[in-house]
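Here's a walk through this protein, written for someone who'd rather be at the bench. Keep the viewer open and follow along.

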Amino acid sequence: MRPGSMDRRALTSTLLALGSVLGVTALGAALDRAQGSLPDGTDRGGVLPGAGAVTPTGQTTTIEVSMADMRFRPDVLEVPAGNTLVIELANDDPHDVHDLVLASGVSSGRLQPGASTTVEAGVISHDLEGWCSIVGHRAMGMTLSVTATGAGPSAAGAEPSTGSGGIDELSRVPLDLQAAPGAGYQVRDARLPAASGSEQRVRFEVTDVAAEIAPGVLMDAMTYNGTVVGPVLRSELGSRLTVDLVNNSAMGHSLDLHAGRIAPDEAMRTIPPGDSLEYAITTDYSGIWLYHCATMPMSVHMAAGMAGALIVPPVGSAEVDREYVLVQSEHYLVPDGAPGSEAVIHEGAHPVSPAKIAAERPDATVFNGHANQYVHSPLQARVGERVRLWVLAAGPSRGISFHVVGGVFDTVFKEGEYLLRPEAETRGGAQALDLAAAQGGFVELVFDEPGTYTAVNHSFVDLERGARALIEVTA
Ligand SMILES: [Cu+2]
């Protein structure tokens, strides 16, 4: 239907329907707020949202709006000032969940792919912004504006009235890297998993959780199997790996296994909540491979926790005494009280900040999902042992210059090839393994003396944001 006015009979029934809708919105609004789609302090009950000084005309403007590909179509809704706006909203995206939130506080609630709903936007007295509140979608341009034609200059209230509080959205969330991880935090086992055989089937369940990424600092995370940075997978050369991806999250997700040669169209497609897919590859190449969610905006999904490592050990590598895996990722949090903080899903957590991702202003750069877990629970080794450290720069955006304070690498393997081996005639040693985002490798070293050694990102801004792990070497 094109924008236009309804006849009187339709208007009456619309108003009756609106009345009954308003009668049950208290619960709906509370639910929407719990899901993070409504700014605090807004309510659809009582006065019609959007009603201001303009005299209601008694006319209704009904506009069909489609949601797909991170866009509202149309994205400018012209409404004569004083008219009641009704939006017939359809999610025409085949894979992803969307919603529409208006600055007045009206929300459609989340719409599954193929679903539609009627949004009673109330009397339009001034221009009004709208957006999709699914994390990252607004930053990708999924916005809409309601233009009140024939109205005077925009009145106050056209922008969200809550959630800003004068806090800069790019300001750092303070981290206490001296504190111990929270009582509920379980330190991730950094040891390389055991060999997996020639056929392996793994279940990846996508869930939304509040995850600690630094002492006492929680993030609204999207996860494979419940942790920021998913499980470390291991597959042997030439083995078959099948991942059953199950989406039990509130939005669309997907999986991209870098280790496999496969047409992305089906295997990496985004699946809506409640759906699942099977993704099988043969691991024909050695290395430490990134896997990650490939649903837009990927930066947000990865920063929210949806990345991890798949290790395929090379043939002919030396026997070592210990093998550890460190996956570096960086995280971007909406500060308390800043715009976007009202979208929090788990109380006490920080939503992921698309603004900080765009500005490259991470709050935390961490190993295996937590800023200082291996400071409080160091990795272990003994004097004289050969230790292999697998390292992956998961990003979403930052790389690593991996160094061990007090150690010298006599072996470096990067992106499928040895750069250095102990028997090299050059007697070469290495001090840092450099990896760009999505690259991986390993280093080996032997500790001659007992002590506390520190594995760091020698790009020190990242070290000081948490990219640090202690290695306790005993006699
Ligand atoms: Cu995702």
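## The copper site

Along the chain, the donors of the copper ion follow the spacing H-x39-C-x7-H-x4-M. Bear in mind that this is a predicted model. In it, the protein donors are H253 through ND1, C293 through SG, H301 through ND1 and M306 through SD, and they lie 2.0 to 2.8 Å from the copper ion.

What sort of arrangement do the four donor atoms make around the copper ion? It's irregular, because the angles they subtend run from 81 to 136 degrees, while a tetrahedral call needs every angle to lie between 85 and 135 degrees. Are the donors H301 and M306 buried or exposed? Both H301 and M306 are buried. C293 also counts as buried, because its relative accessibility is 0%.

## Around the copper donors

Next along the chain from C293 you'll find A294, which sits in the loop between β15 (287–292) and α4 (298–303). Setting aside residues up to four places away in sequence, A294 touches S254, L255 and D256. A294 is also twelve residues from the donor M306 in sequence, with 9.1 Å between their C-alpha atoms.

A259 is worth a click too. Its place is the loop between β13 (256–257) and α3 (264–267), and it counts as buried because its relative accessibility is 5%. Beyond its neighbours up to four places away, A259 touches I281, T282, W289 and L310. S286 is 27 residues from A259 along the chain, and the C-alpha atoms of the two are separated by 8.4 Å.

## Cysteines

How many disulfides does the structure hold? Zero. One cysteine, C293, is spoken for as a copper donor through its SG. As for C132, it counts as buried, because its relative accessibility is 1%.

## The overall build

Zooming out, the secondary structure comes to seven helices and 28 strands. Of the 475 residues in the protein, 51% count as buried. Now look at contacts between residues at least 6 apart in sequence: 75% of them join residues at least 24 apart.

## The nonpolar cores

The largest nonpolar core has 87 residues, and the members that touch the most others are L85, V146, F204, Y224 and L255. Which strand gives the most to this core? That's β9 (residues 199–214), with six residues. The core draws at least three residues from domain 1 (8–149) and at least three from domain 2 (199–474). Apart from it lies another core, this one of 29 residues, including V387, F402, V412 and Y453.

For a look at one member of the largest core, pick L85. Not counting residues up to four places away in sequence, L85 touches T61, I63, L77, V79, V119, E120, A121, G122, I124 and V146. V146, at the end of that list, is itself among the core members with the most contacts to other members.

## Three more spots to click on

E212 is in strand β9, the strand that gives the most to the largest core. It's an acidic side chain to look up by its contacts: leaving aside neighbours within four places, E212 is in contact with P181, G182, Y185, V217, L218, G369 and H370. E212 counts as buried because its relative accessible area is 12%, under the 20% cut-off. H370 is 158 residues from E212 in sequence, yet their C-alpha atoms are 7.0 Å apart.

N372 is found in the loop between β19 (364–367) and α6 (373–376). Why does N372 count as buried? Because its relative accessibility is 1%. Outside its neighbours up to four places away, N372 touches D176, L177, A179, P181 and P215. P181 is a contact of E212 as well.

Last comes P231, in the loop between β10 (217–224) and β11 (233–234). At 23% relative accessibility, P231 counts as partly exposed. Leaving aside neighbours within four places, P231 is in contact with R188, F204, Y224, N225, Y291 and A309. Two of these, F204 and Y224, are among the core members that touch the most others. P231 and A307 are 76 residues apart in sequence, and 9.0 Å apart from C-alpha to C-alpha.

Methods:
Residues are numbered from 1 along each chain as its sequence is written. This is a predicted model: local features need pLDDT of at least 70, side-chain atom pairs count only at pLDDT 80 or more; totals for chains, interfaces and linings use all residues. Side-chain values use heavy atoms; hydrogens and water are left out. A nonpolar core is a set of buried Ala, Val, Leu, Ile, Met, Phe, Trp, Tyr and Cys residues joined through side-chain atoms within 4.5 Å. Buried means under 20% relative accessible area, exposed over 50%, partly exposed in between (1.4 Å probe, protein chains only). Helices (H or I, at least four residues) and strands (E, at least two) are DSSP runs, numbered from the N terminus. Domain bounds come from an automatic or database domain assignment. Contact means heavy atoms within 4.5 Å. A disulfide is a pair of cysteine sulfur atoms within 2.5 Å. Donors are N, O and S atoms within 2.8 Å of the metal (3.2 Å for Na, K and Ca); water is not among the atoms, so sites may look incomplete. Four donors count as tetrahedral if all angles lie between 85 and 135 degrees; four count as square planar and six as octahedral if opposite donors are over 155 degrees apart and all others between 65 and 115; anything else is irregular.
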